[in-house]
Structures are given as structure tokens and as C-alpha cells.
Amino acid sequence: MKYQKKQNAIILLADGTIFYGKAVAGKQGTAFGEVCFNTGMTGYQEIFTDPSYYGQLMVATNAHIGNYGTNKDEVESDSIKIAGLIVKNFSYDYSRDAADSSLEEFLDKNNLLAISDVDTRALVSYIREHGAMNAVISTEVDNVEGLKKQLAEVPSMEGLELASKVSTKEPYYFGNENATFKVAALDIGIKKNILRHIASRDCYIKVFPYNATFEDLEAFQPDGYFLSNGPGDPEPLVEAQEVAKEIIKRDLPLFGICLGHQVIAIANGVSTYKMYNGHRGINHPVKNLITGKGEITSQNHGFAVNKEEAEANKNLEVTHVHLNDGTVAGLAMKNKNVFSVQYHPEASPGPHDSWYLFDQFIENIKKSKLSTV
């Protein structure tokens, strides 16, 4: 464990509220983003590398972060995607045999500013009461007015297109090229574990950039199509919406997760909106309205589908609802081979209640192939 003098730090919210803490490992710097919180007790490494969190200052509600270290295989992308980290107690030591480095080393490698010794219960309560907002974390504790001016220039998450910041620049392949099925995946912030789950079901995947056209995807001659999770507002993703519309028009197998779910809704004329507080954690209850069963799910989104518009749309069926607030958690098209969910069935480290959705996607692909024989 490293023992060193702790550098004072602040969390300055857009409304002028200030919380105090200490910079982890004495690192100096400043980071801007939308402040949000995640209620998961485990999985911090997966959270930090999830592209859906791009540009956000993450508050961990669990009191101890870093206690089980990090593992090079427990990542959802090639780098940390959050803008900064805010915790109560930061563990410099770790006690897990499977770990290959400390969280401190992992953050330092990715040049991420982290603030500890924060009253995270008070901060989360404040965010819940006043809503998600932009913020800055900084060791420039004597430059509050200067930080306020810089913070005022940070754009709101509403209307912000971020898929281009995290999407692959060039198409790439994932899985066994001799697999039975081929899937074209549009990367608007895709997680590695989603690719692992699809590939494990006898699929060979070609992953395309966020601005790929339907013709680009179609040239792969896929058996099914996938729209990934990702960060930011779905409304500006016009290219992805056009891809979804073409897939829907041709009645091809389509599965969407999180941001992909929202894109499918927009492609059907249903609007989305920025939530007062998003859903972020691995303990969110969802009800499957088709089976009547409950699922504990992993979620990480700040936008949602308009429920009234979805229920009024003659082509759509609301298949899942979030039991905490009644928001739309799943959709299916009534006469098309298309479905989507707002949450993450691939969740790592868990829960695994919703793995069946990947099997449902494969069954849809099989039915589609039979119908064309």
C-alpha cells in the first residue's frame, strides 16, 4: 500500500454545489462530465470500460472500491471510458488471486483522475433530488470561479452524439468464421461481452462503425442484425436510425440493446427523452410482460423510450417494464422479426437472468432462414 500525503480535491456541480474529497494517489488534474452513480457492489472494472459511460463522472455507491483489484480480461473495451471516478474509500491493496494489478495501477495506466474520501451518500442523495447534471472534479481547489466558467461551456448530454467517440473506425470480425450463423453488428458503443455471448451461440460476427450504411452491413450477407449499446442521446444517430428502418422494412432478424433499443424505437416513430436520473446498476428489477416472470438486470442508461407513444404504436408491443418506475424496458414489433431491451442481458459480472434473450435472437434467425428456404 502506498502511504502519501493526500491532495485536496473538489466536486463542483453545475448548480454551484461543492463536495470535497482527496485525489487518489495524489494525482493532480481536472475532469469534466455528467455526474451519475452506479449501485453495483461489484464489477467496477467492467463499468469503467463500458463505452455507454463515455463522458460521465462515475460515483460508486459501494463504500469500498478497488478491494479486489483488476484483471486484464475483465474489460468491456480497450480502455477506460468514464471521464472520472468518485468514491468513498479507495483500496490501494487488493486480495484476489485472479487479479493481476491494483485498481490504482489500472487507473494510472489509463490516466484517469479519481477522487476519494467523498461523502458519496450525500452526493448521491443530492443527485437523486436535483437530477443528473454536468460537473467537474479537480485538484484546483483554489480556482472555483475558473472551474465554474469552464464547466458552463461543457455541453449537456441531451442532444449529444457520442457514438462516434467510441465506435470502431474500421470493420472487424469476431468469433469462428466457420460458425453456422453470421451476424452484422452496428457498433454504437458495443461491449465485448455482448460479442462473446453472440459468438458463443455459433455465430460469426462482423462489427461495423457507427456510420455504416445498411448496404455495408448487407454485403456481409448476414443471417441477423444487431444494434449495440452506447453513450449519449439516440436522437442525433440518424445513420443508425436509417439502418434500423431498412432492416425493419425487409423484415430481417434484428436485436437491439440499450442505445440500440432506443434507435429501434425512433425508427418506429417513437420518441425518447432524457431521464431525471438514469438507471445504473446490477440490481434493477424488470418484469417480462410476455411470461409474467421477473428479472434482476444490469442497466446503464440516461435516456428512455416514451411509454405512451410506444403503447399507442400499432406496430409495437411493450414486452418488458422496469418495476421501480414503470419505464419501457423492452419492445417487440408485432409483425416483424425485431425486438429490443433497454437493459444488458450480457451483464458481467452479472446478473444472468436475461441470457435467454440471446437464445431468442438465434431462434429468430433460424425461423427466418427456414422461411427463405
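**Burial, cysteines and salt bridges**

User: In this predicted model, what makes Lys-191 count as buried or exposed?

Analyst: Lys-191 has a relative accessible area of 5%. Buried means under 20%, so Lys-191 is buried.

User: Why is the contact between Asp-50 and Lys-191 called a salt bridge?

Analyst: The N to O distance between the two side chains is 3.9 Å. The cut-off is within 4 Å, so the pair qualifies as a salt bridge. Asp-50 is in the loop between helix H1 (44–48) and strand S4 (56–60), and Lys-191 is in the loop between strand S11 (181–186) and helix H6 (192–199), so the pair ties together parts 141 residues apart in sequence. Asp-50 also counts as buried, at 2% relative accessibility.

User: How do you know that Lys-148 and Glu-145 are about one helical turn apart?

Analyst: Both belong to helix H4 (residues 144–152) and are three residues apart, which means a separation of about one helical turn. Their side chains form a salt bridge at 3.6 Å, N to O. Glu-145 is exposed at 52%, because exposed means over 50%, whereas Lys-148, at 35%, is partly exposed.

User: Why does Cys-258 not form a disulfide with Cys-36?

Analyst: The sulfur of Cys-36 is the closest cysteine sulfur to that of Cys-258, yet the distance is 12 Å. A disulfide requires sulfur atoms within 2.5 Å, so the two are too far apart for a bond. The count for the model is zero disulfides. Cys-258 is buried, with a relative accessible area of 2%.

Notes:
Residues are numbered from 1 along each chain as its sequence is written. This is a predicted model: local features need pLDDT of at least 70, side-chain atom pairs count only at pLDDT 80 or more; totals for chains, interfaces and linings use all residues. Side-chain values use heavy atoms; hydrogens and water are left out. Buried means under 20% relative accessible area, exposed over 50%, partly exposed in between (1.4 Å probe, protein chains only). Helices (H or I, at least four residues) and strands (E, at least two) are DSSP runs, numbered from the N terminus.
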